[in-house]
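Work through the exercises below with the model open. Each task is followed by a stepwise solution.

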Amino acid sequence: MAHQLAAAGVDLVLVARSGERLEQLAQELRADGAGPSVEVLAADLADPAGLAAVEKRVVAEESAIDLLVNNAGLGYEGHFHTQGASEVSETVGVNLLAPLQLTHAALKSMTARDKGQVILVSSMASLQGLPMSAVYAAAKAFVTSLGESLHQEHKGTGVTVTTVLPGLTRTEFHERGRWDLSNWPKMGWQSADAVAAEALRAAAKRRPEAVTGRHNQLLAVLSTKVPRGIRRSIMGWSARRNWR
């Protein structure tokens with residue numbers, strides 16, 4: 001998303017845990033002084049102090065934020081009862097509390113100016129309970145519901161909220177969360193570039209929601225047709241088959 005926004009000439013504030021990697025990305029985006037303005041804010045959104053620092057920047061009156069992209073996310077694989085308390089807390093903090101707090105702050109500022117956009121990156125996992133990733137799926141279900149509600153609250157104003165539901169995406173997400181996807185089919189994956197492009201197009205069109213990838217769009221439609229009990233059984237069977 002940062003690359004695509006920078007290519008469109010959008011000034012950026014980059015947020016992630018690794019300051020060194022952010023600086024490297026910022027140098028690429030600045031294009032030797034010819035590119036957009038790029039600020040770097042190293043912060044861990046699972047840490048209250050880091051989250052507070054980002055919130056302070058979001059509501060700063062100088063260089064006001066017109067587009068907030070809640071894209072940070074993580075999820076750990078494994079039985080819920082075997083996960084450490086710190087992993088559960090981190091999953092809830094990054095996937096639920098951070099976008100909730102930052103969106104709340106951003107919408108206050110944007111509503112006062114009657115201008116702004118928020119992108120909430122949720123997940124296809126939000127559409128159904130996901131065994132072996134129960135906390136992640138539940139947190140994303142919260143995000144999807146929140147985004148749908150907020151879009152309606154601001155409908156007809158200069159502020160819009162778009163929720164994005166990607167499926168399997170090639171990033172560092174799965175490696176960090178210890179996901180074993182060796183038994184999953186190779187088809188159906190998307191690149192981060194493709195997901196970013198679909199998300200930004202949806203926000204530009206002020207759409208309430210965007211399911212990325214045609215295969216995911218088909219699955220999303222099917223999820224509304226198949227009874228929840230059957231979907232629950234399918235997900236349980238899939239978990240037993242694909243996770244050791």
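**Exercise 1.** Find the bridge partner of G116 in β5.

Solution. In β5, G116 is bridged to V159. The model is predicted, with local features requiring pLDDT of at least 70 and side-chain atom pairs pLDDT 80 or more, while totals for chains, interfaces and linings use all residues. Numbering starts from 1 along each chain as its sequence is written, and side-chain values use heavy atoms, without hydrogens and water. Next, take the whole strands: β4 (residues 116–121) and β5 (residues 159–165) pair in the parallel sense over 6 bridges. Pairing requires at least two DSSP bridges between two strands; strands are DSSP runs of E with at least two residues, and helices are runs of H or I with at least four, numbered from the N terminus.

**Exercise 2.** Which helix packs on the sheet and touches β3, β4 and β5?

Solution. Helix α4 (residues 85–113) makes these contacts, where contact means heavy atoms within 4.5 Å. The direction of α4 makes about 170 degrees with that of β3. Axes are lines fitted to C-alpha atoms, for helices over the stretch in contact, and angles run from 0 to 180 degrees between N-to-C directions. Helix α7 (residues 192–204) also packs on the sheet, touching β4, β5 and β8; its direction makes about 145 degrees with that of β4.

**Exercise 3.** Give the strand order, and explain why β3 and β8 each have one side without a neighbour in the sheet.

Solution. The open sheet has 4 strands in the order β3-β4-β5-β8, with parallel pairing. β3 (67–70) and β8 (209–211) are at the edges with a single partner strand each, so one side of each lacks a neighbour in the sheet.
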